[in-house]
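Colleague: Got a minute to go through this model with me? I'd like to know what stands behind the labels.

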Amino acid sequence: MASTSPPRALPDLSRSASPGMAQALDWVGMRNIRLPLQLDDPLCPSAVPSGVDMLINLPCAGIRGIHMSRLYTLLMRVAKAPQSPAGLIALLQQAIAGHAESRSDAARFVWHGEIVCPTGALVTPDLEGWMSHAVKLEAELSTAGAAIWLTVEATYASTCPCSASLARQLIQEQFEREHAGQGTIDLQRASDWIGRNASFATPHSQRSLAQLRVRVDPSARWDLGGLIGAADDALGTFSQGPVKRADEQAFAQRNGHNLMFVEDAARRLLSALSARYADGVIEVTHLESLHPHDAHAAVRWGAA
């Protein structure tokens, strides 16, 4: 009978070999791992395709590398259940504990995904559709403590106040030219003229982008709906999903009541979000229709 010998141990160069150049590293791991992930939030009721970064530090200069498969295994467990802020901190703790021999004491998790939210029309009853928002989560744990950041992107319309003022001036001048010397003009004639000529000049408006980055308490909930809703209320002109003519008219009215420069948009969002979150960063970009370049404003508060 042939003898059987025990399997030979597989080589592990990350442990048995010294690095060619001894140097500690801030982060080591994997980026853009594709996997489905669900957040513990009503706006993310099911797992969505995601890109995930999973990293730990390598503070010991004499250790060549880490075991990345251990990090990957942890992520596979994470993908099986909705994730809360506290759950991500527990994940980072496990990542650090799993690399005790590397003397790692910091871990980082980054998630990129997209949520698709149900939405209704502005005024038409029972007209429903969907809106999407890019979402990014960043969780970090180190000897300095835990930090979790939530970033949501939203689109809205911005109508330039300067352009609106210039357009109104042209309409006024045209009205005066056509009615010069006529004295008093009755209400119906004036109304008819406005109906024919109110678009004699129109202000420029454009699709605009808001990136909202806020710090989340690890013991709290994500509250995606609260963040998005506060931004929507502040701007008043979030892009719409389903529309009929009545909804388009209502949206035009909202734009008329919410003329804004990029600076105005940043300040409105700051006022709304700083009342809800202790730390954050706001970046707004207006994709100009007047210019071939964009207008941009950014503001931060707290410890951001």
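Modeller: Sure, let's take the sheet, then the pockets; keep in mind that this is a predicted model.

Colleague: What makes β5 and β6 a pair?

Modeller: Two strands pair if DSSP finds at least two bridges between them. Strand β5 (residues 145-159) and strand β6 (residues 205-216) are joined by 12 bridges, so they count as a pair, and they run antiparallel. One of the partnerships links alanine 154 with alanine 210 in β6.

Colleague: And why are β1 and β8 called edge strands?

Modeller: The open sheet has eight strands in the order β1-β2-β3-β4-β5-β6-β7-β8, with antiparallel pairing. β1 (25-37) and β8 (295-301) each pair on one side only, and that makes them the edges.

Colleague: How do you know that α6 packs on the sheet?

Modeller: Contact means heavy atoms within 4.5 Å, and α6 touches β3, β4, β5 and β6. Its direction makes about 35° with that of β5.

Colleague: Which element gives the largest share of the lining of the largest pocket?

Modeller: That's α6 again, with five residues. The pocket holds about 300 Å³ of space, and the closest of its 18 lining residues to the centre include Met131 and Asp232.

Colleague: What makes Ala164 a lining residue of the second largest pocket?

Modeller: A lining residue has an atom within 4 Å of a pocket point. Ala164 is listed in that lining, along with Arg168 and Pro203 among others, so each of them meets the cut-off. By class, the lining has six nonpolar, two polar and one charged.

Definitions and conventions
Residues are numbered from 1 along each chain as its sequence is written. This is a predicted model: local features need pLDDT of at least 70, side-chain atom pairs count only at pLDDT 80 or more; totals for chains, interfaces and linings use all residues. Side-chain values use heavy atoms; hydrogens and water are left out. On a 1 Å grid over the protein atoms alone, a cavity is a set of points where a 1.4 Å probe fits but cannot get out, and a pocket is an open set with protein on both sides within 12 Å along at least five of seven lines; lining residues have an atom within 4 Å of a point. Grid points are joined across faces, edges and corners, and a volume is the space filled by probe spheres set on the points. Helices (H or I, at least four residues) and strands (E, at least two) are DSSP runs, numbered from the N terminus. Ala, Val, Leu, Ile, Met, Phe, Trp, Tyr, Cys and Pro count as nonpolar, Asp, Glu, Lys and Arg as charged, and the others, Gly among them, as polar. Axes are lines fitted to C-alpha atoms, for helices over the stretch in contact, and angles run from 0 to 180 degrees between N-to-C directions.
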